[in-house]
Amino acid sequence: MNKKYSLLLLLPLLSLSSCNFAASNNKNLHEIYKDYFTIGAAVNEYNVESELLSHYNSITCENDMKWISVHPSEDEYTFVKADEYVAKAKEKNMGIRGHALVWHHIQSIPADVFRGSDGNYLPKEVILQKEREHVDTVVKHFKDDVYCWDVVNEVIDDGQSPLKEDGSNIYRQSDWYLSTGRDFIKEAFIQADATLKELGIRDKVQLFYNDYDNTKEIKKSKTIAMLEWLIEEDVPIDGIGLQCHYHLGSFNVDELEQAIIDYSALGLDVQITEFDCEIYDRTLAEIPNYLYYDEVPQLALDLHATVYDRAFEVFRKHKDKISNVTFWGVADNITYMNDNPDYGYRTNYPYIFDVLEEKKPAFYVISEFED
Ligand code: GLA
C-alpha cells in the first residue's frame, strides 16, 4: 500500500470539531483549561528546563520516581534526581503526579526483588514485605509534594480473549502476579493509604490505578472486574489513570467516552495520564518513516490534530469526572518513541509542539474551542 493511499483511508476521521487555526491566543494551556482540569506533561532531564513548561500546571517524572530510579538495590534509596524535579515544580507552582510505585516492567524494577540467588521466587510474604517497605519509604519521602500516586501500573492482561467468568484471565503474568497472586495490588494501596494516614495527609494525596488500552472493551471489562474486587474489599483507591497512548489508526472516540463514563460510575476520579499520538498509522502494512519533521504530510498532521481535537472535546464534556490531563512528553525534539524498537525505530512526532518547540495543529485545536 503506498503512502498516499494509506493516509486517504483515514480521511473520514478528518473533520475538526473546533478547528480555527487563524487566531491563536497567547494564554498558556493550563490557563485555558482552568475551569476544566489541570494540564500536565511528563518531564525528564532533557526537557525539564524548556520554556514550554509554562503551559502546564502539573508534571510527572517520566522515569525518575520509578522503583529502579529511587530504590536501585535492596538497601539503597536515592532521591537526588526526583527531588530536583520536586524543587523545580514547587518553584513554578506546579503539582506533581507521582509515577509509579509498583510496576512489573523489567526497566523499572530490579529482578532480585522477586528472586533469590537460586533463581527461584522468594516466598510470597517476603516479596509483599519488600513491597510494603518500598511504598512506605517512597510515600514518606515525597509526602504531599505529590498530589497523587500511580500506586499500581499495568497489571491487566493484554490478551484478546474476553473476560472469563472465573476471572482467570484478568491479570498480566508478571513476576508480581506469579509470585504473589493478585494480593500485591491490594497490599500496595493499603500500605500507601496507611502511610499517608500516619503522616496526616491522606486527604491531600490521591491513590490511582494506571494502565494503557484500558478504554478498549475487553481490557476495560477485565479492569472493571479488578476494580470491583478492590472496592468490594474496601481497598483505598481513589482514581483510575487512562494512559491514552494513540497512533493514527487506534483512536476511537466513542470507546474513550464510554470508558470515562464507566470508570467514573464506579465512584473513581479519572485522570488522563500519558496522552500522546504517533504521527503514523500502525495498522498499515507499510508504515513510512518521516526522518525530518518537514517530510510529514499535512494530512498526517491534520489527522494527528483530529485525534487531539476529538479527545479533548470528550475530556471537556466530562470535566466533572476528570481532574487532570497529562501529555507523555512536551515537544517532538525529545520523545521516548525515537530510537525505540517498540516504535519501529521510526522518528516520531507525537506531541502538540514540534521539534523546534513551535505549536502544531494539535496545539491550536485543543486551545481554541467553543464549548
Ligand atoms: C508506560 C509507563 C510509562 C512509560 C511508558 C513508555 O506507559 O507507564 O512510565 O514508561 O510506558 O512507553
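Colleague: A polar contact is a pair of N or O atoms within 3.5 Å. In this predicted model, how far does a polar side-chain atom of N153 lie from an oxygen atom of the ligand?

Modeller: N153 is among the residues around the ligand, a group that also includes E62, K66, W103 and E154. Because a polar contact requires N or O atoms within 3.5 Å, the pair formed by N153 and the ligand qualifies. The distance from the polar side-chain atom of N153 to the ligand oxygen is 3.0 Å.

Colleague: What is the distance from an N or O atom in the side chain of Q243 to an oxygen atom of the ligand?

Modeller: Q243 is listed around the ligand, as are H245, E274, W328, Y336 and Y343. An N or O atom of the Q243 side chain is paired with a ligand oxygen, and their separation is 2.8 Å.

Colleague: Which residue is joined to A100 by a cis peptide bond?

Modeller: A100 has its place in strand β3, residues 95–103. The peptide bond leading into A100 has omega near -5 degrees and is cis. The residue before this bond also has a side-chain N or O atom 2.6 Å from an oxygen atom of the ligand. That residue is H99.

Colleague: Where is N93 placed?

Modeller: The phi angle of N93 is near 60 degrees, a positive value in a residue other than glycine. N93 belongs to the loop between α4 (80–91) and β3.

Colleague: Are helices α9 and α10 roughly parallel or roughly antiparallel to each other?

Modeller: The axes of α9 (residues 253–264) and α10 (residues 298–317) come within 10 Å and cross at roughly 25 degrees. Angles under 35 degrees count as roughly parallel. The two helices, α9 and α10, are therefore roughly parallel.

Colleague: How many charged residues are in the contact of α9 with α10?

Modeller: Helix α9 passes α10 in a right-handed crossing. On the α9 side the contact involves V253, L256, E257 and I260, and on the α10 side R310, A311, V314, F315 and K317. By class there are 6 nonpolar residues and no polar ones, while the charged residues number 3.

Colleague: What is the handedness of the crossing of α5 and α7?

Modeller: The axes of α5 (residues 124–142) and α7 (residues 183–199) come within 9 Å, with a crossing angle of roughly 35 degrees. The crossing of α5 and α7 is right-handed.

Colleague: How many polar residues does the contact of α5 with α7 have?

Modeller: Residues in this contact include L128, E131 and V135 of α5, and F184, Q191 and T195 of α7. Nonpolar and charged residues number 8 each, and the polar residues number 2.

Key: Residues numbered from 1 in each chain as written. Predicted model: local features only at pLDDT ≥ 70, side-chain atom pairs only at ≥ 80, totals over all residues. Heavy atoms only, no water. Axes fitted to C-alpha atoms, helices over the stretch in contact; angles between N-to-C directions. Helix = DSSP H or I, 4+ residues; strand = E, 2+ residues; numbered from the N terminus. Parallel < 35°, antiparallel > 145°, perpendicular 65-115°, else oblique. Left-handed = near helix turned anticlockwise from the far one by under 90°. Contact = heavy atoms within 4.5 Å. Nonpolar A, V, L, I, M, F, W, Y, C, P; charged D, E, K, R; others polar. Near = heavy atom within 4 Å. Polar contact = N/O pair within 3.5 Å; in protein donor to acceptor, adjacent residues only side chain to side chain.
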